[in-house]
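Work through the exercises below with the sequence and the structure at hand. Each task is followed by a solution in steps.

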Amino acid sequence: MSVFATEHGLAGFEFASGIPGSIGGAMFMNAGAYGGEMKDIVESVRLMKPDGSEIVERSNEEMGFAYRNSAIQKDGLIVLSVRFVLSKDDPEAITARVLELQHKRNSKQPVNLPSAGSTFKRPVGGFAAALIDDAGLRGYQVGGAQVSEKHTGFVVNVGDATCEDVLAVMRHVREVVLERNGIELEPEVRLINCEL
């Protein structure tokens, strides 16, 4: 989507360049990075009840966007389409901003290794990565899953990691940070049919 917007001289989507996932997932989680979030550019969302019985359109305000959250998470609706509010700008200027953000992401995040993205939500008044690093967990590994050496906010696959490997790393990180700082890290990644 970011590439399409850039090619057509539409600004506002730059922050989303490089965020993996679908538009539906972005609405569900109110995806964001580098100071931008979906809530900043969404006008309305067309949604369908899971049983297909009704299609509704919700405004930005009705979506209940919050940090890595939206009304979709509690309502269980399916995203059909999204109407964005973007502004016209010079494609070269947009490209320059996208490249700057990509450089930041590539220099600080482990984009060279498979991961599910940022593993834990940012706790109130701090950063998950800083808490994890301060707890001495940089490089902590179970099987093929590892707390990234490059950015401790990511659990990466360094070789044939299983789901259980990743969950074991996440559990250990949560336990150590809770014991050390009294802060319970909340997963940013969505866990389906499993728990920490």
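**Exercise 1.** Find the backbone atom that pairs with the side chain of S148, then describe the surroundings of S148.

Solution. The model is a predicted one.
- Step 1: a polar atom of the S148 side chain lies 3.1 Å from the backbone nitrogen of H151. The cut-off for a polar contact is 3.5 Å between N or O atoms.
- Step 2: place S148 in the chain. S148 is in the loop that runs between β10 (145-147) and β11 (154-157).
- Step 3: list the contacts of S148. Leaving out residues up to four places away in sequence, S148 touches P110, R138, G139, F154 and V156.

**Exercise 2.** Decide whether S148 is buried or exposed.

Solution.
- Step 1: the relative accessibility of S148 is 2%.
- Step 2: buried means under 20%, so S148 counts as buried.
- Step 3: for the chain as a whole, 38% of the 196 residues are buried.

**Exercise 3.** Compare the radius of gyration of the chain with that of a compact globule.

Solution.
- Step 1: for 196 residues, a compact globule would have a radius near 16 Å.
- Step 2: the chain has 18 Å, which agrees.
- Step 3: the C-alpha trace spans about 45 × 45 × 35 Å along its principal axes.

**Exercise 4.** Report the secondary structure and the charged side chains of the chain.

Solution.
- Step 1: the chain contains 6 helices and 11 strands.
- Step 2: there are 20 positive and 27 negative side chains.
- Step 3: the centres of these two sets are 2 Å apart.

Note on methods:
Residues numbered from 1 in each chain as written. Predicted model: local features only at pLDDT ≥ 70, side-chain atom pairs only at ≥ 80, totals over all residues. Heavy atoms only, no water. Helix = DSSP H or I, 4+ residues; strand = E, 2+ residues; numbered from the N terminus. Rg over C-alpha atoms; globule rule 2.2 N^0.38 Å. Buried < 20%, exposed > 50% of the residue type's maximum accessible area, 1.4 Å probe, protein only. Lys, Arg positive; Asp, Glu negative; His and termini not counted. Charge placed at Lys NZ, Arg CZ, Asp CG, Glu CD. Polar contact = N/O pair within 3.5 Å; in protein donor to acceptor, adjacent residues only side chain to side chain. Contact = heavy atoms within 4.5 Å.
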